[in-house]
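Here are my notes on this one, written with the ligand site in mind. Have a look at the model, then read on.

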Amino acid sequence: MKMNQFTSVKDVEDISQLVEDALQLKANPYADQHLGKNKTLGLVFLNPSLRTRLSTQKAAINLGMSVMVMNMDKEGWALETEDGVVMNGTTVEHIREAAAVMGQYCDILGLRSFPKLTNRDEDYNEDFFNKFIKYCGVPVVSLESATRHPLQSLADLVTIKETWKGTEKPKVVLAWAPHVKALPQAVPNSFSEWMCKAQEQNMLDFTIVQPEGYELSADFTPGANIMYNLEEALKGADYIYVKNWSSFKEYGKVLTYPDGWMMNNEKLKGTNDAKVMHCLPVRRDLELSSEILDGPNSLVIHEAGNRLWAAQAVLKELLQNLS
Ligand code: CP
């Protein structure tokens with residue numbers, strides 16, 4: 001199966017090989033500059049970004065590509081996505097034309113589009129993303145969609161593979177953390193999807209721990225060990241992936257939860273001196289304590305650094321598969 005888009009783990013034939021590719025590129029970043037010669041990557045953002053924006057641009061530059069960035073939310077025309085409507089309101093351009101036009105200028109397109117968190121079916125149908133893919137006519141890389149963030153998850157798996165020095169499989173725990181806002185499920189969905197695939201391949205053991213009501217969609221957690229007691233779940237953990245998400249069941253809501261879900265050094269005591277990961281941006285001393293972020297157990301900067309190699313591995317494969 002040739003990879004011709006990157007929107008989920010399902011687009012990847014062999015995740016172990018893609019992780020190896022990323023680590024090889026980290027060791028030798030400029031070996032494939034010929035692949036991107038005269039090729040253009042377009043990055044389309046409907047939402048803010050620091051890491052995804054910069055790491056994907058740098059990855060493309062390392063491969064010899066040119067990059068154009070479109071901040072669609074601030075600089076583009078207001079887009080219509082519904083078919084069959086008379087456009088006599090506030091929308092100015094239909095996605096049918098906008099995506100198709102961007103496909104005329106770019107060999108590969110990246111797209112970031114967050115969920116609205118009001119209508120679960122609408123978000124989980126990925127209507128906007130799917131229409132963009134359909135009409136642009138070139139390979140699309142997800143820069144985070146309503147339900148997934150695969151470039152982040154690939155970088156996370158690269159980070160675990162690179163840093164794990166044990167002889168047994170590592171125990172990886174995705175741990176829910178508090179937040180003041182309702183956040184999407186895209187990062188935890190995607191992390192779970194990738195970790196479940198890695199668990200299937202005997203690379204690691206995977207647990208998710210969250211308060212009652214914060215269960216992710218079962219579609220993203222096949223084979224995961226689902227728990228509700230944080231202290232129990234963390235016992236013997238080698239990696240803890242800290243992340244907030246809003247409720248899937250009571251869609252987009254911030255539910256009440258018991259005290260004690262912020263990750264701190266006290267909670268690391270029952271672990272195997274666990275390394276702590278977070279996709280960033282992180283709210284200090286709300287999701288994750290400053291003592292962890294500034295201490296020896298934090299992998300967050302290393303993990304963000306690996307976003308570059310994850311993006312480069314994906315772009316390299318898409319460039320190789322361009323017809
Ligand atoms: N982790 C991540 O995707 O960061 P940005 O939102 O800053 O791109």
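1. A word on terms before the pocket: the domain bounds used here come from an automatic or database domain assignment. Also keep in mind that this is a predicted model.

2. With those bounds, the shell around the ligand takes at least three residues from domain 1 (9-148 + 307-320) and at least three from domain 2 (151-304). So who's in it? The surrounding residues are Ser-49, Leu-50, Arg-51, Thr-52, Arg-112, His-149, Gln-152, Cys-279, Leu-280 and Arg-307. Sorted by class, that makes three nonpolar, four polar and three charged residues.

3. Now the polar contacts. A polar backbone atom of Leu-50 sits 2.7 Å from a ligand oxygen, and an N or O atom in the Arg-51 side chain is 2.9 Å from an oxygen atom of the ligand. A ligand nitrogen has a partner too: a backbone N or O atom of Leu-280, at 2.8 Å. How much of the ligand does the protein bury? Of the 250 Å² that the ligand exposes when taken alone, 93% is buried by the protein.

4. On to the sheet. Four strands make up an open, parallel sheet, ordered β2-β1-β5-β6. At the edges are β2 (66-71) and β6 (140-142), each pairing on one side only. From one strand to the next, the twist averages 20 degrees.

5. Strand β5 covers residues 108-112 and pairs with β6 in the parallel sense, over three bridges. If you want a spot to zoom in on, Leu-111 stands opposite Ser-142 of β6. Arg-112, listed among the residues surrounding the ligand, falls within the β5 range of 108-112.

Methods: Residues numbered from 1 in each chain as written. Predicted model: local features only at pLDDT ≥ 70, side-chain atom pairs only at ≥ 80, totals over all residues. Heavy atoms only, no water. Near = heavy atom within 4 Å. Polar contact = N/O pair within 3.5 Å; in protein donor to acceptor, adjacent residues only side chain to side chain. Areas by Shrake-Rupley, 256 points an atom, 1.4 Å probe, with all protein chains shown as cover. Nonpolar A, V, L, I, M, F, W, Y, C, P; charged D, E, K, R; others polar. Pairing = 2+ DSSP bridges. Helix = DSSP H or I, 4+ residues; strand = E, 2+ residues; numbered from the N terminus. Axes fitted to C-alpha atoms, helices over the stretch in contact; angles between N-to-C directions.
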